[in-house]
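Student: I would like to learn how to read a model like this one, feature by feature. Could you give me the general idea each time, and then the case at hand?

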Amino acid sequence: MTAADTILLTGLEVRATVGIFDWEQQIEQTLRIDLEMAADAEAAAASDRIEDTLDYKAVAKHTQEFIAASRCALVETLAHRLAEELMREFGIRWLRLTLRKPGAVRGSRSVGVAIERGKRR
């Protein structure tokens, strides 16, 4: 990959079981995910074919399915596992993942974690 392009997927909402309290492990809560993923958009721009880029629709669907099937106590654990899964499944060299849990703390819009994995180049 010679280009330093980034594919963005922001505000993806997924229902999941995540939390440290017993009651949180009995319900689903809405999570919001933002992804920045290294990709070579130059090849796709030249060919105008989805096969030459990172298919963000496939990434979104896989993310939703993976999170829906996961059960974690910490958002940090879920974010780490999701990052590993996406990098393995889609051959992503680098990504920045932000996972937010809206309404988790009274008085805040959301809490969450942002992680970065891999090498940009």
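Student: To begin with a single residue, in which strand is the place of K101?

Tutor: This is a predicted model, and in it K101 has its place in strand β4.

Student: Is K101 buried or exposed?

Tutor: Burial is read from the relative accessible area, with buried meaning under 20%. K101 has a relative accessible area of 8%, and therefore counts as buried.

Student: With which residues is K101 in contact, leaving aside its neighbours within four places in sequence?

Tutor: Those contacts are V18, G19, E24, Q29, T30, L31, V75, S110 and V111. For V18 there is a polar detail to add, in that its backbone oxygen lies 3.4 Å from a polar atom of the K101 side chain.

Student: Let us turn to empty space. How much space lies in the largest pocket, and which residues lie nearest its centre?

Tutor: The general idea is that a probe the size of a water molecule, rolled over the atoms, shows where empty space is left. Here the largest pocket holds about 290 Å³ of space; its lining comprises 17 residues, and G19, E24, K101, A104 and V111 are the ones nearest the centre. K101 thus appears again, and its contacts include G19, E24 and V111.

Student: Which elements each supply at least two residues of that lining, and how do the lining residues divide by character?

Tutor: The elements are α3 (75-90), β4 (94-102) and β5 (110-118). By character, the lining of the largest pocket divides into 10 nonpolar, 4 polar and 3 charged residues.

Student: How should I read a helix, taking α2 as the case, and what span should its 14 residues have?

Tutor: An α-helix has 3.6 residues a turn, so residues three or four places apart point the same way. In the case of α2, which covers residues 56-69, 1.5 Å a residue leads one to expect a span of 20 Å, and the end C-alpha atoms are indeed 20 Å apart, in agreement with that expectation. At the N-terminal end D55 acts as a cap, with a side-chain oxygen 3.1 Å from the backbone nitrogen of K57.

Student: Which residues of α2 are buried, and what covers them?

Tutor: The buried residues of α2 are V59, A60, H62, T63 and I67, and what covers them includes β1 (5-18), β2 (29-39) and α3. Q64, also in α2, is partly exposed, because its relative accessible area is 32%, which falls between the cut-offs of 20% and 50%. Leaving aside neighbours within four places in sequence, Q64 is in contact with L12, E13 and V14, while its C-alpha lies 9.7 Å from that of I33, a residue 31 places away in sequence.

Student: For contrast, where is R88, and is R88 buried or exposed?

Tutor: R88 is in helix α3 and is exposed, with a relative accessible area of 57%. Its C-alpha is separated by 23 Å from that of T17, 71 residues away along the chain.

Student: Finally, in what order do the elements of the chain run, and how many of its residues count as buried?

Tutor: The chain has 3 helices and 5 strands, running β-β-α-α-β-α-β-β from the N terminus on, and 36% of its 121 residues count as buried. Among contacts between residues at least 6 apart in sequence, 61% join residues at least 24 apart, and the C-alpha atoms fill a box of roughly 50 × 25 × 20 Å along the principal axes.

Definitions and conventions:
Residues are numbered from 1 along each chain as its sequence is written. This is a predicted model: local features need pLDDT of at least 70, side-chain atom pairs count only at pLDDT 80 or more; totals for chains, interfaces and linings use all residues. Side-chain values use heavy atoms; hydrogens and water are left out. On a 1 Å grid over the protein atoms alone, a cavity is a set of points where a 1.4 Å probe fits but cannot get out, and a pocket is an open set with protein on both sides within 12 Å along at least five of seven lines; lining residues have an atom within 4 Å of a point. Grid points are joined across faces, edges and corners, and a volume is the space filled by probe spheres set on the points. Helices (H or I, at least four residues) and strands (E, at least two) are DSSP runs, numbered from the N terminus. Ala, Val, Leu, Ile, Met, Phe, Trp, Tyr, Cys and Pro count as nonpolar, Asp, Glu, Lys and Arg as charged, and the others, Gly among them, as polar. Buried means under 20% relative accessible area, exposed over 50%, partly exposed in between (1.4 Å probe, protein chains only). Contact means heavy atoms within 4.5 Å. The expected span of a helix is 1.5 Å times one less than its number of residues. A polar contact is a pair of N or O atoms within 3.5 Å; within protein, one must be able to donate a hydrogen and the other to accept it, and residues adjacent in sequence count only if both atoms are side-chain atoms.
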